[in-house]
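I opened this model to look up two things, the arrangement of its strands and the packing of one pair of helices. My entries follow in that order.

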Amino acid sequence: MFYTEWGFKANPFDTSPLSPNETGEALLVGRSRALKKLRSRILSGPKITSIEGMNGIGKTSVANVASYKIEQESLKGEIPGFFVPCRRVFQISPEKNPRDFRIEVLLDVVQTLIDRKSSISPPPGRTRAPSEGPLNRWLNSVDNFSGQAGILGCNIGISRALTSSAGFDKSGFEKAALNWLQEIFPSHSDGGVICTIDNLELLRTSQNARNILEELRDPLFSIPGVRWVMCGALGIVHGIASSPRLEGYLHAPIEIKDLPNIRAQDLFDARVSAFKANDTARLPISISDFRTLFYLYRGNIRSVLNALDEFCHYVADDEYDDLEDVSHLVFSDWLDEQGQRAYSALAEEVEEKDLRTLAYACVFQGVIRHSHYSHFGFDTPNDFAESVHVLEQLGVLRSVEDDSDAQREVIRVSPKGRLVDASRKLERFSALVHLIQGGIHQDDGKWYDESPNWSGETDVD
């Protein structure tokens, strides 16, 4: 792997969510306010903590690191109770039966508690003798519960595949698991296993999400000793929060905003520091190039890291003898080529009115709604909706519908759409927006450059 040849232990631009461990904590940049909010809600009791933010912005990473930090606090005795992150992040779908999903969650929750015994020692001055604390209750009961699981056909090394095994007693396991969790965490103040449900936007509409979560309310969110965090994009969590049946079960969503430009250096330094194998480690990317991508993708970490990895592959494919030969011009030419390709591919598939719609979305802070149709030359909401649908199918816009109010549908520019915008081939359509809305500059190019492109307020520490 070329990254090791460049002096790195692994790919420093890995786009996987940060893990709930020390490395994940070190790599999380600019999210202290979000972590503080998550900590407060997770510790406050059984209500579901929810996170809203654009795809790739780092919601799962924030949830994982918050869970890890809470676990460390509980192990040091700095907070009441015992908390541990679940070993797995969950996703829900309309096809999942609520009872089967409940069993699936219980399997992973108890396996998390079994796995963690080998890596967690009692706090200094404590023993594994019986006590009233949830940490000691857990440590003293793991072996006993494992024996019960074995009797039920669920031996150590629990697998979700066992849920379909003829030798697996679902009812018996469910009862034993619930009793064990109740034994360890008899009250809300005793803590619990922190579980995350991710990618709620995959349910496509807020009505779908509400229906599924309402059905899961009693079988899932009533499990003792489990604290829930839900993550979603494109306004879907806000739609779920409006459900009368979930009132009192769900905290108001915590919004994870774009990282501001001032955090680019911190993010770059954290990645290099965490992954470099020695002091001679080098990358064919400068902090200036990193900032260019950071601004292009509005601080969307997944998109920035993915683009950096692609550029590194591009450099490695050309087999430069010395990374010093990779100048800023190489990066600039590569990025320009990516933008031109993205625009050309899109332009072959759509009409000019659709390109105009994308330009509109890019100029007006990257967020549009169906109610905006008349602002940009469409005669009816349906005409506008058709254009949005075409662009969404091609991956440059993303949206989630709120079935209770079509005007509240949130439509945002995707990272692919940002790349198309970077080609600057949309400027003539941006000029049309200028003429329709009325502007203060005679120079449309200047107006375009100075127009607000940021996608929302930032979560600045």
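Entry 1, the sheet. I began with the strands of this predicted model and found that five of them form an open sheet, ordered β2-β3-β4-β1-β5, with parallel pairing. At the edges I noted β2 (82–90) and β5 (254–256), each of which has a single partner strand, so one side of each is left without a neighbour in the sheet. I also looked up the twist, which averages 25° from one strand to the next.

Entry 2, one strand pair. I then turned to β1 (residues 49–53) and β4 (residues 226–232), which pair in the parallel sense over four bridges. Looking for the partner of E52, I found that its bridge leads to G232 in β4.

Entry 3, the helix pair. For α5 (residues 98–116) and α7 (residues 170–184), I looked up the axes, which come within 10 Å and cross at roughly 50°. Since angles from 65 to 115 degrees count as roughly perpendicular and those under 35 degrees as roughly parallel, this angle makes α5 oblique to α7. The crossing of α5 and α7 is left-handed.

Entry 4, the contact residues. Which residues of α5 meet α7? I listed R99, D100, R102, I103, L106, L107, V109, V110, L113 and I114 on the α5 side, and on the α7 side K170, S171, F173, E174, A177, L178, W180, L181 and I184. Sorting the residues of this contact by character, I recorded 13 nonpolar, one polar and five charged.

Note on methods:
Residues numbered from 1 in each chain as written. Predicted model: local features only at pLDDT ≥ 70, side-chain atom pairs only at ≥ 80, totals over all residues. Heavy atoms only, no water. Pairing = 2+ DSSP bridges. Axes fitted to C-alpha atoms, helices over the stretch in contact; angles between N-to-C directions. Parallel < 35°, antiparallel > 145°, perpendicular 65-115°, else oblique. Left-handed = near helix turned anticlockwise from the far one by under 90°. Contact = heavy atoms within 4.5 Å. Nonpolar A, V, L, I, M, F, W, Y, C, P; charged D, E, K, R; others polar.
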